[in-house]
Every structure is written in C-alpha cells, then in structure tokens.
Amino acid sequence: MAEPMGFFTDTSVCIGCKACEVACKAWNQLPARNGGKVQLSGISYDNTVSLSGIQWRHVKFIEDFAPDRSTGRWLMMSDVCKHCVQAACLEVCPTGAIIRTEFDTVVIQQDVCNGCRACIAACPFGVIEINPETNTAMKCTLCYDRLQAGMVPACAQACPTHSIQFGPISELRQRAQERLEQLHAAGVTQARLYGHDESILGGLNAFYLLLDEPEKYGLPSNPQLPSRNLAPSAALSAAGAVALGLLGLVGLRKQRMDRLAAEERGQGEGSHAG
Amino acid sequence: MPDSFFTHSPEWRWWIVFYFFIGGIAGGAFALSALLRLFGQPGDRPISRLGYFIAFPGSIISGLLLILDLKRPERFWHMLIQSETFRPAFKWWSPISVGSWGLLAFGFFSFLAFVGALAEIGWLPRGLSGLIQGSLGAVVNVLGGVSGFFLAGYTGVLLSTTNRPLWSDTVWLGLLFLVSGFSTGAALLLLLSWGRNTPTIRWLKELDTWTLVLELVVLVILLASVGTAVLRPVLFNAWGVLLLVGVVLVGILVPILLHFRPVLGRLTVPSAAVLVLVGGFILRVVMLLSSEAV
Ligand code: SF4
Ligand code: SF4
C-alpha cells in the first residue's frame with residue numbers, strides 16, 4: 001500500500017471563494033443541475049446547501065450572529081468526505097461497491113453500486129447521496145484517478161489560500177499541530193483539530209482545524225460506527241424469537257392438556273375437527 | 001444536537017414500509033405454522049397450511065418490493081453475487097447483505113412448504129406432502145421457521161445499524177418488529193379463518209393477545225431508550241400522535257380489550273385482527289417516515 005494520503009483543511013484561512021467546489025465539479029464532470037432542476041438556496045451565499053451526489057465539495061457559510069446582531073462572524077468550511085479510517089459507509093455496503101484504496105481513501109465503484117442507499121444512512125457526516133444522472137451513490141473519491149497519476153486532487157490544487165492541503169497523513173498531522181499552536185499563541189483559544197487522531201473513527205483522512213465546537217460546523221462531536229448497535233439488537237431479537245416460540249409452546253401444551261382432560265372425562269372426541 | 005442529526009436520509013419510503021409490513025407477516029405466519037407442525041396436533045394442520053399459503057407469496061412480494069426500491073433495480077443480484085468475480089457476496093456485519101440471503105432462504109423454505117401444502121389438499125401429487133410432514137417436513141419447518149423469525153426481525157436491526165435519528169438511537173427496533181411481525185402474522189391467520197372455532201383458533205387468539213402485550217412493553221422500553229433529545233424533534237409531533245392512536249390504541253389496546261370482552265359478537269375476532277394489522281402497518285409507517293422527515 002502506498003502511504004495514507006488525505007486532506008488537512010484549515011478553516012481559519014478559508015475565504016469562501018468556492019474554487020474547490022468548481023474545480024471538483026469540473027474535474028469530476030458533475031452536473032450543475034440536480035436531475036434537470038436548478039437548485040440554489042437563494043437565502044445565503046451558501047447556495048448549494050449540502051454535500052450530495054452532484055456536490056462532492058461544499059463550502060459551508062455559517063452565519064454566527066447574536067440575536068441582536070451586536071456581535072457576528074462568518075465561519076467558513078469546505079466540507080468533503082472524511083475518508084474515515086473506520087468508514088461507516090464501507091462497513092454497511094452489501095454489494096462491496098465501497099472499497100478502500102491503496103491510498104487509504106474510500107471510493108464507491110460506480111459499476112457495482114445498485115443504489116440500496118445503506119451507505120447514505122450509515123455515514124455519520126451526511127456525505128453520500130444518489131446522483132440522479134447515474135442513480136448510484138456518489139461522493140468524493142479524493143480524486144482517485146489523479147492520485148494514481150501522481151497528481152494533487154483538483155480542490156486542493158485550486159484552493160488559493162491553502163485552506164485545503166493535500167499530502168501524506170503523517171505530514172499533514174504535523175503541519176496541523178504547528179498551525180494549532182500558532183493560533184493558540186495568537187490568542188485564538190477556541191481553535192481545535194477535528195479527526196486528526198484515532199479518537200474519531202480511527203482517524204479521519206480528511207481532517208479539520210475548526211474555530212469553534214464541531215456542532216457549530218454541523219459536525220457530530222462523537223461519530224460512531226453503525227455496527228455498534230448490531231450485536232445488541234440482534235441478540236435482543238433472537239431472545240424475542242425464543243420467547244415467542246416458548247409462548248406458543250406453552251399454549252400448545254395447555255391445549256393438549258385440556259384435550260386429554262376432556263378425553264378422560266369421556267366427553268371429548270379425540271382430536272378436534274379441522 | 002444528538003449526533004444522529006448530522007446525517008442524510010436514505011429516502012427509504014413506501015416500498016420499504018410495505019416490505020417491512022409484508023415481510024413481517026410472512027415471516028410471522030410461517031413461524032406460527034412451523035410451531036403448529038412441529039408441536040401441534042393433526043387438527044392444527046389446516047391453519048398451518050394457511051400460514052404456508054401466506055408465507056410464500058409474501059416472500060415473493062417482499063423480494064419484488066426490495067428490488068423496486070433500488071435505484072438500479074437491474075443490479076439487484078449484486079446483493080448476492082459479486083459483480084466482478086461472480087463469487088457469492090456475503091458480509092455478516094452488513095444487515096442488508098445478511099437480509100438478502102435470509103430472504104432468499106426464507107423464499108426457498110416457504111416455497112417447499114407451499115408445495116407441500118398444495119399436495120396435502122390434493123392440488124399436487126400427494127407424495128409431495130412429505131415436504132411438510134415427517135422428518136423432511138421437520139427440517140423444512142425448523143429452517144423455514146428460523147428464517148421466518150429472522151425475516152420479521154432483521155429489518156429493525158437494519159434500521160438500528162445506521163447513524164440516523166431514532167433508528168440508531170435504540171437497539172430495540174429489531175425486537176419490536178419481530179414481535180409485531182408475529183402478531184400481524186397471527187392476525188392475518190385469524191382473519192382468513194373467520195368463522196371457525198377450533199382449538200387452533202383459540203390458541204392463536206390467546207397467543208396473539210399475549211404477543212400484543214409484549215409488543216406494548218417493548219414499544220415503551222424502546223421509546224424510553226431513545227431519550228427526549230431525540231424524541232422531541234422526531235416524535236413529539238403528528239408522528240407521535242399517529243403512534244399513540246394508530247399503534248398503541250387501535251393496534252394494541254383495543255384488540256387486547258376485544259379479546260377479554262368480545263362485545264362485537266361474531267365480528268369480534270375478525271375486527272380485532274383487522275385492527276392488529278392496521279396497527280402493525282402504522283408502526284412501520286411511523287418508525288420509518290418519522291425519522292425520514294427529520
Ligand atoms: S465521511 Fe462518510 S462517506 Fe466518507 S468515508 Fe466516512 S463514512 Fe464514508
Ligand atoms: S448505495 Fe451503493 S455504495 Fe451505497 S451501500 Fe448501497 S450498493 Fe453500496
């Protein structure tokens with residue numbers, strides 16, 4: 001396997017230019033319209049609203065204003081598939097469409113996916129959706145085709161402020177740590193890293209530097225794998241099946257007892273008619 | 001905000017609601033038939049045949065509904081066979097993968113039992129009735145019964161094995177769907193044998209009532225296990241009202257009451273059965289669509 005590769009996205013320098021969104025769409029030939037419909041929010045500079053089957057990069061514009069507007073700021077963050085080391089989508093996919101590549105990234109094979117949508121419900125970050133043109137599940141591939149050719153992913157190459165940095169994970173982690181210390185020294189105490197170590201899903205290969213709590217950015221604070229519920233739910237169901245079976249048996253036994261008692265009294269006709 | 005609210009909806013809608021409902025009935029009906037065959041009397045046979053007649057068509061409809069729900073239905077076989085190597089595709093930790101095999105197994109055994117039941121009533125050569133009698137019949141009933149229970153319950157496990165609101169916030173959905181599948185299976189058997197009053201029918205009525213009590217208990221535990229942070233946005237609304245009225249009142253409490261107070265005379269049993277079926281359907285509607293609406 002090649003070295004694990006990924007993104008470090010430093011949201012503190014994102015200017016919301018959406019060069020990454022455009023570069024992603026251009027390289028991956030993703031349609032501007034969603035199944036023929038123009039879908040723009042019309043209520044915000046955030047006009048694409050969320051990641052989807054046709055938007056693999058999404059620049060969030062978080063309007064963080066006090067109710068009386070006395071204080072306010074905009075937080076920006078270029079969102080993308082996290083290429084989780086323990087990937088929920090990969091775990092549940094029944095067809096084997098979702099694979100881990102030699103770069104430790106997570107890719108959906110478009111010729112295998114049959115559109116069951118298990119991965120959509122599984123991803124803790126709401127990354128995947130169906131692309132209405134292919135009717136298959138789609139998300140960022142971390143430009144698998146470009147990586148195989150030794151190129152940098154389109155978004156990282158287009159980002160003018162180096163908010164999106166691409167490289168080997170070990171190197172990115174070091175760079176992120178340095179940047180965090182720099183910000184802390186400058187008094188930005190709320191700055192923090194998200195997904196840079198194993199504590200979140202074994203590590204996110206697209207990890208972040210945030211300026212506030214993850215929730216403010218629409219990120220779960222403690223994302224987990226769907227399989228955490230598998231054993232307990234299956235065990236409860238199996239116990240339920242046994243209980244129902246026993247309930248039925250108790251009834252059948254009672255029925256037989258009643259019949260035998262009736263026979264003994266000489267008023268039953270053996271087995272009942274049917 | 002609970003972590004399950006940062007996710008996207010898979011948009012499993014009406015095909016899946018009907019699949020969960022029909023699959024539950026089919027699985028439950030077969031499990032009941034298997035119990036009657038394995039541990040009952042010769043007099044129980046007509047009702048157990050009825051169960052087989054429900055189970056196999058139910059498994060076919062289930063498969064069709066699942067295929068229709070796929071965005072690429074022509075690739076449904078990718079669930080069972082790897083499209084590149086043509087080797088079997090099986091992941092024990094993926095509920096959809098296991099469920100696909102489970103449904104296939106259930107379809108197979110319910111088909112055998114269906115053929116056996118047709119033979120018993122003389123529509124097919126008598127010899128085939130060995131499929132549901134004797135030692136071969138015991139094997140078919142045990143394996144079919146187990147896969148029937150599986151089919152009724154795995155759908156809830158599947159929902160819990162996600163990261164979606166409500167579904168992944170509890171581990172009790174599988175059990176709830178299993179119990180509901182059993183009670184709706186029994187209800188359909190009672191409805192279709194309207195007018196008969198054999199010991200088998202009395203057994204079914206009794207069993208269905210206790211199953212409904214169990215269902216109510218499981219539902220209460222489930223809701224308690226979810227917690228208010230999730231319940232408030234998901235069920236403290238019209239969905240919750242539908243759950244209380246459609247499932248708890250109409251689908252559970254009234255049928256239990258009718259069992260102990262048969263106030264409708266000859267109509268009591270079929271009315272209760274219809275209500276149980278309605279409640280079982282609404283249960284699937286609420287559990288799926290309330291989360292999808294978030
Ligand atoms: S962020 Fe979601 S889609 Fe991306 S690898 Fe993780 S689970 Fe899969
Ligand atoms: S929608 Fe496609 S990629 Fe997602 S789980 Fe189903 S088969 Fe796998």
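How many of the 26 residues of α3(B) are buried? In this predicted model, the count is 20, so the helix is mostly covered. Helix α3 of chain B runs over residues 95-120, and its length works out neatly: at 1.5 Å a residue, its 26 residues should span 38 Å, and the end C-alpha atoms sit 36 Å apart, which agrees. After the helix comes Gly122(B), with a positive phi near 85 degrees.

The neighbour to look at next is α2(B), residues 45-69. The axes of α2(B) and α3(B) are 8 Å apart, and the two helices pack at an angle of about 140 degrees. That angle makes the pair oblique, because the label roughly antiparallel is kept for angles over 145 degrees. As for handedness, α2(B) and α3(B) make a left-handed crossing. In the loop between these two helices lies Met79(B), which counts as buried at 9% relative accessibility. Met79(B) also pairs up in space with a residue of α3(B): Gly99(B) is 20 residues away in sequence, yet the C-alpha to C-alpha distance is 9.5 Å.

Further along chain B, α8(B) (residues 238-260) and α9(B) (residues 268-292) form another packed pair, again with axes 8 Å apart, but here the angle is about 155 degrees. This pair is therefore roughly antiparallel, and its crossing is left-handed. What sort of residues make up the contact of α8(B) with α9(B), by class? There are 17 nonpolar and six polar residues in it, and no charged ones.

Helix packing also takes place between the chains. Helix α7 of chain A, residues 230-264, meets α1(B), with the axes coming within 10 Å and crossing at roughly 45 degrees. The two helices are therefore oblique to each other. The crossing of α7(A) and α1(B) is right-handed.

Two backbone oddities deserve a mention. Most residues other than glycine have a negative phi. Lys18(A), though not a glycine, has a positive phi of about 65 degrees. This lysine lies in the loop between β1 (5-10) and α1 (19-28) of chain A, and Lys18(A) counts as buried, with a relative accessibility of 14%. The other case is Glu11(B), also not a glycine, where phi is positive at about 55 degrees. Glu11(B) is found in the segment before α1(B), which covers residues 14-39. Buried or exposed does not quite settle the matter for this glutamate: at a relative accessible area of 45%, Glu11(B) is partly exposed.

That leaves the ligands. Which residues are closest to ligand 1? Of the 14 residues that surround it, the closest are Cys81(A), Lys82(A), Cys84(A), Cys89(A) and Cys123(A). By class, this shell has eleven nonpolar residues, one polar residue and two charged ones. Ligand 2 is likewise surrounded by 14 residues, the closest being Cys93(A), Cys113(A), Cys116(A), Arg117(A) and Cys119(A). Its shell divides into ten nonpolar, three polar and one charged. Cysteine is counted among the nonpolar residues here, so the cysteines closest to ligand 1 and to ligand 2 fall in that class.

How values were computed:
Residues numbered from 1 in each chain as written. Chains lettered and ligands numbered in written order. Predicted model: local features only at pLDDT ≥ 70, side-chain atom pairs only at ≥ 80, totals over all residues. Heavy atoms only, no water. Helix = DSSP H or I, 4+ residues; strand = E, 2+ residues; numbered from the N terminus. Expected span 1.5 Å × (residues − 1). Buried < 20%, exposed > 50% of the residue type's maximum accessible area, 1.4 Å probe, protein only. Near = heavy atom within 4 Å. Axes fitted to C-alpha atoms, helices over the stretch in contact; angles between N-to-C directions. Parallel < 35°, antiparallel > 145°, perpendicular 65-115°, else oblique. Left-handed = near helix turned anticlockwise from the far one by under 90°.
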